[in-house]
Amino acid sequence: MSFLTSSPMPRLVAALATAVLLAGCSHPITMITETAPPRSTAHLIPKKVAYVMTDAQRDLQVITAGGSGDRVSYYPYRDLEKSIRDALRGVYRNVVVLRTAGDAKANEAAGVSLVFTPQIKTDSSSSSWITWPPTAFTAEVACVVTDTAGAEVTRVRAVGNGTAEFGEFNGDYGLAARRAATRMTAQLSSEIRRNEKLR
């Protein structure tokens with residue numbers, strides 16, 4: 001009597017290994033924009049403000065959906081830092097970056113009036129079953145704004161949606177992401193200008 005039988009285990013292990021490899025595969029894109037909201041020096045608010053961005057946030061990698069079952073990877077804080085800075089520079093005369101919002105002595109020494117602490121959310125998707133670049137992208141930033149002592153003044157939020165079709169990419173695979181970032185930047189600048197507590 002033989003105890004040798006055809007076991008499904010090797011096939012199962014191979015299938016799981018393939019699934020893990022596919023799950024770990026993502027295509028890198030960037031959200032960094034080349035354009036910025038218009039900056040009229042004659043209409044800037046004469047204040048020095050800061051935004052908070054840590055190295056840990058800059059190193060945070062996010063993976064979201066692409067097309068054809070693939071995914072895309074990017075660094076939202078690192079990529080959108082320019083967008084946040086551009087939005088603030090479109091309103092205020094001087095903009096600096098800080099590592100923490102709660103250090104009152106550092107804030108006072110830097111001479112800042114307001115500190116913006118952004119939290120970023122992103123998402124992507126694609127209508128394509130053939131190509132991997134996302135055809136739809138969303139970038140959202142929500143900022144808690146504090147005074148020099150760390151007390152909350154107000155909150156502002158901006159959302160940008162970007163779309164791109166296959167024929168538009170031409171090697172620019174983060175096109176939908178950058179369009180979302182550009183719209184988010186413009187809306188953030190507008191929301192800051194509209195808020196009387198931030199003047």
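How many bridges join strand 6 to strand 7, and do they run parallel or antiparallel? Here are my notes on that and a few other things; bear in mind that this is a predicted model.

1. **Strands 6 and 7.** The two strands run antiparallel, and 12 bridges join them. For one pair to click on, take I120: its bridge partner in strand 7 is V141.

2. **Strands 2 and 6.** Strand 6 (114-125) also pairs with strand 2 (45-52). Here the sense is parallel, over 3 bridges. A50 stands opposite V115 in strand 6, which makes a handy landmark.

3. **The open sheet.** There is an open sheet of 3 strands, ordered 1-4-3, with mixed pairing. Strand 1 (27-28) and strand 3 (62-65) sit at the edges with a single partner strand each, so one side of each has no neighbour in the sheet. Strand 3 and strand 4 (residues 71-74) run antiparallel and are joined by 4 bridges. Within that pairing, A65 stands opposite R71 in strand 4.

4. **The main core.** The largest nonpolar core has 38 residues, and Y92, F116 and I192 have the most contacts inside it. Several elements give two or more residues to this core, among them strand 2, helix 3 (76-89), strand 5 (92-98) and strand 8 (152-163). Helix 6 gives the most, with 8 residues.

5. **A second core.** A separate core of 6 residues includes V52, L98, A101 and V115. You've already met V115 above, as the residue that A50 stands opposite.

6. **Around Y92.** Which residues does Y92 touch, not counting those up to four places away in sequence? The list is R39, L44, I45, K47, V49, L114, F116, I192 and L198. Two of these names, F116 and I192, appear with Y92 among the residues with the most contacts inside the largest core.

7. **T138.** This residue is found in strand 7. Is T138 buried or exposed? Neither, quite: T138 counts as partly exposed because its relative accessible area is 29%, and that category lies between under 20% for buried and over 50% for exposed.

8. **What T138 touches.** Leaving aside neighbours within four places in sequence, T138 is in contact with K121, T122, D123, V159, G160, N161 and A180. With N161 there is a polar contact, side chain to side chain, at 2.9 Å. As for R179, that residue is 41 residues from T138 in sequence, and the C-alpha to C-alpha separation is 9.2 Å.

Notes
Residues are numbered from 1 along each chain as its sequence is written. This is a predicted model: local features need pLDDT of at least 70, side-chain atom pairs count only at pLDDT 80 or more; totals for chains, interfaces and linings use all residues. Side-chain values use heavy atoms; hydrogens and water are left out. Two strands pair if DSSP finds at least two bridges between them. A nonpolar core is a set of buried Ala, Val, Leu, Ile, Met, Phe, Trp, Tyr and Cys residues joined through side-chain atoms within 4.5 Å. Buried means under 20% relative accessible area, exposed over 50%, partly exposed in between (1.4 Å probe, protein chains only). Contact means heavy atoms within 4.5 Å. A polar contact is a pair of N or O atoms within 3.5 Å; within protein, one must be able to donate a hydrogen and the other to accept it, and residues adjacent in sequence count only if both atoms are side-chain atoms.
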